[in-house]
Amino acid sequence: MSAPERIPTRGVTTAELLAEGELTVRGRIREASNAVLLCDVAYEGLEAACVYKPVAGERPLWDFPDGTLAQREVAAYEVSEATGWGLVPPTVLRDGPYGEGMCQLWVESVSAGADLLALVDAEEPGEGWRAVGLAEVGEGRTALLVHADDERLRRLAVLDAVINNADRKGGHLLPAAEGRLYGIDHGVTFNAENKLRTLLWGWAGEELTPEAVDVLKGLGQALDGTLGTRLAQLVTEEEVAATRARVAGLLASGRHPEPSGEWPAIPWPPV
C-alpha cells in the first residue's frame, strides 16, 4: 500500500489510525538489527498494516543515547512532512504491546530498487546514473557503485543532510505505487556531530536545485516555530540546534554536502 495523507473513509487521518488504533502483532522482521514487528492496526472499522518498533527492543549504540531511536524516527517524519516532499511514511510515537515505540504505516514496495542502485563494471557511470564509489565484489575485484540520477533520490539526499542520517542504505529505499519513493529506518539521525553516511553521494558538491533552496528556507523558518517545538519533544535541544545549523549551512553553501573524511561516508553493509 502507499502512504496516503488521509484515509478517506470516515474522515480518519492516517496519524489517528496509527496512534489510536489497536495493534495486533503478526510477526517479526528477523533481518532487522532491532526489534521490528509487523502489525495490523484497527480503528473505527478501518485497518492497515504497520511496523511497530518498541523502545524495549532497541540495541544500545555507543554514539546515540539509549532508548531514543523511536523518537528519532518520528522526528524524521516530522521534518519530511515540513519539506512537503512526503518522503517518510506516516510515523507516530505510541504505546503498544511491548511498551512505547514508533508505529509507521507499512509501505508495499513495487520493486526491489534495481532501477535505483547498481554495481557496474565500468570506470564511469552510464547515462542516467551517478557514481558513488568503488566497491569490493570479491576475489580482489571491484565494481562501480552507482545510483539513479533521480529527482526523488536527490530530494532524499537533501533530507538526509538535514536530519544527519547515519545509515542511508539501499534497503531503506522503497519505490511505491504511483511513482512515489519512501525512505525508512531513521533511528540513527539528528546526532549533533556530523554522522552523514549514505549511498546517495552522486550530487556531492553540486549546487542545490532552486526547489531544494526554497524548501530549506521554509525549514529554517519552521525550525524557529512549530517544527522546532515538536522536535524538542523528540530529540535534545543540542540536536535541534544542530539541525538548524545544518539547514543554515546548506543554504550558505548552496551545495550538496561532501564526505567529511572524519566518518565513514558509506554505511556497511550498503544494503
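Two cavities of 30 Å³ or more turn up inside this structure, which is a predicted model. The largest cavity comes to about 80 Å³, and the second largest has a volume of about 50 Å³.

What lines the largest cavity? Going along the chain, the list starts with Ala157 and Asp160, then picks up Leu196, Thr198 and Leu200. Next comes a run made of Trp201, Gly202, Trp203 and Ala204, and His256 and Pro257 finish off the wall. Sorted by class, that lining splits into 7 nonpolar, 3 polar and 1 charged residues. The second largest cavity has its own wall, built from Asn194, Lys195, Leu196, Trp201, Glu258, Pro259, Ser260, Gly261, Trp263, Pro264 and Ala265. Here the split is 6 nonpolar, 3 polar and 2 charged. Leu196 and Trp201 appear in both walls, lining the largest cavity as well as the second largest.

Now for the open spaces, the pockets. The largest pocket holds about 1100 Å³ of space. It is lined by 42 residues, and those closest to its centre are Ala32, Ser33, Lys53, His172 and Asp185. Which helices and strands pitch in with at least two residues each? Among them are strand β3 (46-54), helix α2 (69-83) and strand β5 (99-105). As for the chemistry of this lining, 23 of the residues are nonpolar, 8 are polar and 11 are charged.

The second largest pocket has a volume of about 300 Å³. Out of its 17 lining residues, Leu119, Ala135, Leu145, Pro270 and Val271 sit closest to the centre. Strands β6 (117-120) and β7 (129-138) each give at least two residues to this lining. β7 makes the largest share, with 4 residues. By class, the wall of the second largest pocket counts 13 nonpolar, 3 polar and 1 charged residues.

Turning to how helices meet, take α3 (residues 151-163) and α6 (residues 237-253), whose axes come within 8 Å and cross at roughly 135°. Is this pair parallel or oblique? Because of that crossing angle, α3 counts as oblique to α6. On the α3 side, the residues taking part are Ala161, Val162 and Ile163, and they meet Thr243, Arg246, Val247 and Leu250 of α6. Put together by class, this contact has 5 nonpolar, 1 polar and 1 charged residues.

Another helix, α4 (residues 210-223), is home to Ala222. What does Ala222 touch once its neighbours within four places in sequence are set aside? The answer is Leu227 and Gly228. Pro90 lies 132 residues away from Ala222 along the chain, and the C-alpha atoms of the two are 19 Å apart.

Finally, how far can the model be trusted? The mean pLDDT of the chain is 92, with 95% of its residues at 70 or more. Residues 1-8 are another story: pLDDT stays under 50 there, although the model has 25 contacts for this stretch beyond four places in sequence. Where pLDDT is low, the predicted coordinates should not be read in detail.

Technical notes
Residues are numbered from 1 along each chain as its sequence is written. This is a predicted model: local features need pLDDT of at least 70, side-chain atom pairs count only at pLDDT 80 or more; totals for chains, interfaces and linings use all residues. Side-chain values use heavy atoms; hydrogens and water are left out. pLDDT is the predictor's confidence in each residue, from 0 to 100. Contact means heavy atoms within 4.5 Å. On a 1 Å grid over the protein atoms alone, a cavity is a set of points where a 1.4 Å probe fits but cannot get out, and a pocket is an open set with protein on both sides within 12 Å along at least five of seven lines; lining residues have an atom within 4 Å of a point. Grid points are joined across faces, edges and corners, and a volume is the space filled by probe spheres set on the points. Ala, Val, Leu, Ile, Met, Phe, Trp, Tyr, Cys and Pro count as nonpolar, Asp, Glu, Lys and Arg as charged, and the others, Gly among them, as polar. Axes are lines fitted to C-alpha atoms, for helices over the stretch in contact, and angles run from 0 to 180 degrees between N-to-C directions. Angles under 35 degrees count as roughly parallel, over 145 as roughly antiparallel, 65 to 115 as roughly perpendicular and the rest as oblique.
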